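Subject: Structure for your review

Dear colleague,

Please find the structure below, with the sequence alongside. A summary of what was found in it follows.

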Amino acid sequence: MNYIGSKFSLLKFLEDSINEILSKNKETKQSNEMIFADIFAGTGCVGAHFKGLGYSIIANDIQYYSYVITKHMIENNGNLDKDRMSVLINELNSLEGIEGFIYNNYSYEGTEGKEFRRMYFTADNAKKCDAIRQTIENWFTNNRINQNEYYFLLGSLINSIDKYANTASVYGAYLKKLKKTALKKMDLTPLPYTVGHVNCKVFNENVNTLISKISGDILYLDPPYNERQYCSNYHILETIARYDNPIIKGKTGLRSYKEQKSDFCVKAKVCDAFENIIKNANFKYIFLSYNNEGLMSFEKIKNIMSKYGDYFLYAQEYRRFKADSNRENKADSTIEYLHCLVKRS
Ligand SMILES: C[S@@+](CC[C@H](N)C(=O)[O-])C[C@H]1O[C@@H](n2cnc3c(N)ncnc32)[C@H](O)[C@@H]1O
């Protein structure tokens with residue numbers, strides 16, 4: 001998934017930097033004896049990577065679509081019958097389209113005669129999305145699929161439909177003309193999961209409240225680093241995941257996101273929110289991914305983390321996220337920093 005701030009291409013950098021810090025402590029346990037928490041999980045790729053390395057994973061995100069995807073990638077673990085899953089995927093792929101919420105609000109044909117015409121998906125793909133979404137819910141309600149299968153199928157839908165969205169990258173706006181990938185016929189493809197530790201748990205909470213309920217060995221923090229709220233940039237994925245017929249508004253058909261606004265996107269609040277996490281974290285090792293253009297200054301991060309133990313810093317040059325190409329700063333690479341804290345007990 002093309003996601004703002006995804007760490008997919010930085011996994012090796014994270015793994016190497018974390019290993020280097022852990023290797024300084026002779027008493028460090030084996031990975032399968034340690035809990036790794038990824039509490040701003042997004043696409044779930046960091047938690048999934050460390051699950052593959054043997055860690056027991058705690059994952060979390062405030063967005064429900066992220067929770068669904070991560071529930072599958074992190075909590076499912078060889079418990080799905082592959083043949084049965086491919087039968088279900090084929091069945092969903094061959095459904096007749098339905099004129100449901102996505103078609104009626106986010107396709108050009110479905111919004112004809114309405115106050116706002118929107119072109120997020122072709123009529124066919126929107127109808128197919130509605131048909132698949134409704135069928136997954138019916139199957140679950142009627143016990144044809146269990147909860148693990150439910151998250152697998154729903155996660156696969158969210159991951160698949162995103163490839164056909166008629167956007168430059170995020171759902172804050174749609175393109176005026178249908179782009180090539182949006183015109184393709186949607187194909188539901190299975191979202192893979194990572195085989196690893198059987199003891200993994202996924203949450204859908206605000207980190208500010210979650211932090212005092214969890215504990216472990218390694219805490220990985222990857223908060224938003226600028227004002228762009230994920231809830232408004234991925235609102236359609238949220239609605240597909242919840243499928244709760246929300247009241248939507250304006251040109252882009254935005255759902256209300258009051259409860260999901262992040263303090264990490266607000267300059268006046270971010271430092272307090274960050275310190276709250278560091279202070280209350282019941283973890284020995286804390287790692288923060290943050291780039292050099294973030295709302296929190298470097299000095300501020302260092303000052304906050306150093307209050308609670310020994311501070312280290314790793315850096316790597318990183319290619320800029322595609323949606324950033326319109327910005328004034330046209331450099332196509334940026335430096336990604338990994339701030340580390342070995343917390344005093
Ligand atoms: C930079 S992205 C994480 C990307 C992720 N590491 C990946 O590789 O896909 C930040 C994530 O933090 C989530 N988030 C922001 N504020 C949050 C909060 N207060 N509590 C929980 N999650 C939050 C957003 O929904 C978003 O998915």
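Helix α2 is largely enclosed by the rest of the structure, because seven of its eight residues are buried. Here a residue is called buried if 20 or more other C-beta atoms lie within 10 Å of its own, exposed if 12 or fewer, and partly exposed in between, with C-beta atoms placed from the backbone. Helices (H or I, at least four residues) and strands (E, at least two) are DSSP runs, numbered from the N terminus.

Please note that this is a predicted model, in which local features need pLDDT of at least 70 and side-chain atom pairs count only at pLDDT 80 or more, while totals for chains, interfaces and linings use all residues. Residues are numbered from 1 along each chain as its sequence is written.

The buried residues of α2 are C45, V46, G47, A48, H49, F50 and K51. Their cover includes the helices α1 (11-23) and α3 (64-75) and the strands β1 (35-38), β2 (56-60) and β4 (218-221). Just after α2, G54 takes a positive phi of about 110 degrees.

With regard to helix packing, the axes of α2 and α3 come within 9 Å and cross at roughly 5 degrees; axes are lines fitted to C-alpha atoms, for helices over the stretch in contact, and angles run from 0 to 180 degrees between N-to-C directions. The two helices are therefore roughly parallel, a term for angles under 35 degrees (over 145 is roughly antiparallel, 65 to 115 roughly perpendicular, and the rest oblique). G47, A48 and K51 of α2 meet T70, M73 and I74 of α3, where contact requires C-beta atoms, placed from the backbone, within 7 Å. The residues of this contact comprise three nonpolar, two polar and one charged. In this classification Ala, Val, Leu, Ile, Met, Phe, Trp, Tyr, Cys and Pro are nonpolar, Asp, Glu, Lys and Arg are charged, and the others, Gly among them, are polar.

Helix α2 also belongs to the surroundings of the ligand: α2 (45-52) and α9 (207-210) are the elements that give two or more residues to the shell around the ligand. Of the 23 residues around the ligand, G5, F40, G42, T43 and S262 come nearest; a residue is near if its C-beta atom, placed from the backbone, lies within 6 Å. By class, the shell has eleven nonpolar, nine polar and three charged residues.

Turning to the strands, β7 (residues 285-291) is largely enclosed by the rest of the structure, because six of its seven residues are buried. Strands β4 and β7 run parallel and are joined by four bridges, with L219 opposite I286 in β7. Strand β7 also pairs with β9 (residues 333-343) in the antiparallel sense over seven bridges; pairing requires that DSSP find at least two bridges between the strands. The bridge partner of S289 in β9 is L338.

Y337 lies in strand β9 and is partly exposed, with 19 other C-beta atoms within 10 Å. Leaving aside neighbours within four places in sequence, Y337 is in contact with Y290, N291, N292, L313 and A315.

Finally, two residues that are not glycines have a positive phi: N143, at about 60 degrees, and N245, at about 45 degrees. N143 lies in the loop between α6 (123-141) and α7 (147-161) and counts as exposed, with 7 C-beta neighbours inside 10 Å. N245 is in the loop between α11 (235-242) and β5 (248-249) and counts as exposed, with 11 such neighbours inside 10 Å.

Yours sincerely

Terms used:
Two residues are in contact if their C-beta atoms, placed from the backbone, lie within 7 Å.
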